Amino acid sequence: MLNIIQNRKTYFTISSILVALSIASLLIWGLVPAIDFTGGTLMEIEFNTEPIPNIQEIRNLFIVNKDTQVSKEELGEVRVQPIGEKGMLFRFKPISEDTHQEILTLLHENFNPDYPTTTATTTPNVILPIEELKYESIGPVIGQELQKKTTWAIAMVAVCIILYIAWAFRKVSKPVQSWKYGIGAIVALGHDIIIVAGIFSVLGRFAGVEIDVLFVTALLTILGYSVNDTIVVYDRTRENLHRYQGFDFEDIVNRSVNETIVRSLNTSITTLLVLFSVYLFGGASIRNFVLALICGAFVGTYSSIFIASPLLVVWQKLRRR
């Protein structure tokens, strides 16, 4: 039998270091919000011409060229990012539909040698020299409202988890009260969320990875996944408290973790195999979402085994003092 609970100080130290590094990264670099939270316009264009324009040519089109119909003030800072072999992703301030059409016309006039005859073609299955694959424009008010709702959603989920676990373990009062099981689960959840956010803070600083609504969805999914794994261990502890009455609480918790660790690892491995497959073959649009889930599944499994249950023993020892 593994001495997991007896070695809890080691795991607490590892987690404390990871959480401290994550918080430091969040304070120094923060997260890079996508237009979902800040408001703005996202356009993805695919160039089917040879050669395709480079980033500087497109920047010059929007910024340097004084003859452009779209003003620099109207677009704000234009960010251009290559996507795949032929695609370009543009980000700028929220714009009207008229401006959107002006930008498309501008692109065709400068990078489409057959313009305007090609753009007038509406026949299906015809590959246009320049194609718009994606267009989103979100105002700053909607972005701020979404940010508030996101915070409330995560807070409400945390409160509901505490209440549910306290109710589910209401018949367990010794040696640790039922609500402390809920607090232990929330501490483990906070540990998971902070580390995942820290990883994305580093990725945002060095790889330009942004957080969007899908990232929030991933965080809420991580909350559900992590607490599900934690409850399995807690439930086994509750059963063993009746089965091994009179035994030391630390030994009972350690036995419970050992009895469920294979199940937790098998569940996590199969989940991670699926997530890695989706990450590799699921396409660029959901790659960051799946990456957040991978990080969350890995950290959540760790916390349910090495953080949540050892915290029960810490609670019990503090009570005895």
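1. Leaving aside its neighbours within four places in sequence, F249 touches P175, V176, T237, L241, L312, V313 and Q316, a list worth reading with the caveat that the model is a predicted one. The residue belongs to helix α9, and F249 counts as buried because its relative accessible area is 4%, against a cut-off of under 20%. The C-alpha atoms of F249 and K174 are separated by 9.6 Å, although the two residues stand 75 residues apart along the chain.

2. Helix α9, which spans residues 249-281, packs against helix α8, residues 213-243, at an angle of about 145° and with the two axes 8 Å apart. The crossing of α8 and α9 is right-handed, and by class the contact between them comprises eight nonpolar, nine polar and five charged residues.

3. Elsewhere, four strands form an open sheet in the order β2-β3-β1-β4, and their pairing is antiparallel. Because β2 (79-83) and β4 (130-138) stand at the edges with a single partner strand each, one side of each is left without a neighbour in the sheet. From one strand to the next, the twist averages 15°.

4. For the edge strand β2, the pairing with β3 (residues 87-92) is antiparallel and consists of five bridges; I83 has G87, in β3, as its bridge partner.

5. As for what covers these strands, helix α5, made up of residues 97-111, lies across β1 (40-47), β3 and β4, and α5 runs at about 155° to β4.

Terms used
Residues are numbered from 1 along each chain as its sequence is written. This is a predicted model: local features need pLDDT of at least 70, side-chain atom pairs count only at pLDDT 80 or more; totals for chains, interfaces and linings use all residues. Side-chain values use heavy atoms; hydrogens and water are left out. Axes are lines fitted to C-alpha atoms, for helices over the stretch in contact, and angles run from 0 to 180 degrees between N-to-C directions. Helices (H or I, at least four residues) and strands (E, at least two) are DSSP runs, numbered from the N terminus. A crossing is left-handed if the near helix is turned anticlockwise from the far one by less than a right angle, and right-handed if clockwise. Ala, Val, Leu, Ile, Met, Phe, Trp, Tyr, Cys and Pro count as nonpolar, Asp, Glu, Lys and Arg as charged, and the others, Gly among them, as polar. Buried means under 20% relative accessible area, exposed over 50%, partly exposed in between (1.4 Å probe, protein chains only). Contact means heavy atoms within 4.5 Å. Two strands pair if DSSP finds at least two bridges between them.
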